[in-house]
Amino acid sequence: MLINKQSAKNLGLATLLSVTALPFMGEASATALFDAGMPAGWTCTGNCGTSGANGVVPLAPSGGTQYGWVASNTGIYGLGLPGVGGTDGSRLQSSVFSASAGDALAFQFNYVTSDGAGYADYAWSRLLDSSLNEVALLFTARTTPSGNSVPGFGMPAIAATISPSVVTITYGSTWAPLGGYSGGCWSTGCGHSGWVSSAFNIASSGNYILEFGVVDYIDGIYDSGLAFDGITIGGKPIEDIPEPASLALLGIGLAGLGAMRRRKATS
């Protein structure tokens, strides 16, 4: 099939447009990450989902009509943080995204627990590399009868900046993701943290995965959970950040268009 120069130029532009549309196609009408349910490519182990305002957990201050959550109710054993342990729980990992050195990773979270004194359930978020190695433990939240619940006591040091810096539990655990323990309370320390902000500057350019998790501790009853929303990378919603494969296709499209322009200039 013969293609003249103008057709080749048009084909090159069409290819470029089709490629560049991949990471940006939803930008003009972008909605909050969890408004349409769990994002494609995110991986849940255990019990994860999305919810509108429910019980003691309202919508996140960042907006949107739904937030994401993980809960230890009907969770899986063996998901606790290394060196900390736990019983049953759940974990949600994002699809791989690209970030540049200095990009700020920010989001909001809300810890809810029906377990109290003596049973220190906990939740966390981590930044992982694309091979699932830990880059940074962003925050921890843990059941405690009194005092600060974020970061959690007896947990590894966190890398993110938390606001407010002191987070105490407010009584009240009515929240559907806790299943049969919604509204329940074992002893003192049950309740919710309210929405807390987390911010962390990514040190090196690369491909990353964001993880949220929660586990029961000592026993498997009186469950806990974590809500989260408003996730941004470098000030952009995480859903607008292209995955590495999309970036590669964009590079191929730009290179192909550049080659056609050079051939035209020398012909």
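**Salt bridges and nonpolar cores in a predicted model**

The structure holds three salt bridges. This is a predicted model, in which local features need pLDDT of at least 70 and side-chain atom pairs count only at pLDDT 80 or more, while totals for chains, interfaces and linings use all residues. Residues are numbered from 1 along each chain as its sequence is written, and side-chain values use heavy atoms, with hydrogens and water left out.

Colleague: Why is the contact between Arg91 and Glu211 called a salt bridge?

Modeller: The term requires a side-chain nitrogen of Lys or Arg within 4 Å of a carboxyl oxygen of Asp or Glu. For Arg91 and Glu211 the N to O distance is 3.9 Å, so the pair meets the definition. Arg91 belongs to strand S5 (residues 88-93) and Glu211 to strand S13, 120 residues apart; strands are DSSP runs of E with at least two residues, and helices are runs of H or I with at least four, numbered from the N terminus.

Colleague: What makes Glu211 buried, and Arg91 partly exposed?

Modeller: Buried means under 20% relative accessible area, exposed means over 50%, and partly exposed lies in between (1.4 Å probe, protein chains only). Glu211 has 0% and therefore counts as buried. Arg91 has 22%, so the term partly exposed applies.

Colleague: How do you know that Arg126 forms a salt bridge with Glu134 and with Glu211?

Modeller: The closest N and O atoms are 3.0 Å apart for Arg126 and Glu134, and 2.8 Å apart for Arg126 and Glu211. Both values satisfy the cut-off, so both pairs qualify. Arg126 in strand S8 and Glu211 in strand S13 are 85 residues apart in sequence, so their pair ties together those parts. Salt bridges with shared partners join Arg91, Arg126, Glu134 and Glu211 into one network. Arg126, at 12%, counts as buried, whereas Glu134, at 46%, counts as partly exposed.

Colleague: What makes a group of residues a nonpolar core?

Modeller: Its members are buried Ala, Val, Leu, Ile, Met, Phe, Trp, Tyr and Cys residues joined through side-chain atoms within 4.5 Å. The largest such core has 36 residues, of which Phe97, Leu105, Phe107, Leu138, Leu226 and Ile231 touch the most other members. Among the strands that each supply at least two residues of this core are S6 (97-99), S7 (104-113) and S14 (224-233). A second, separate core of eleven residues includes Val57, Val112, Trp175 and Trp195.
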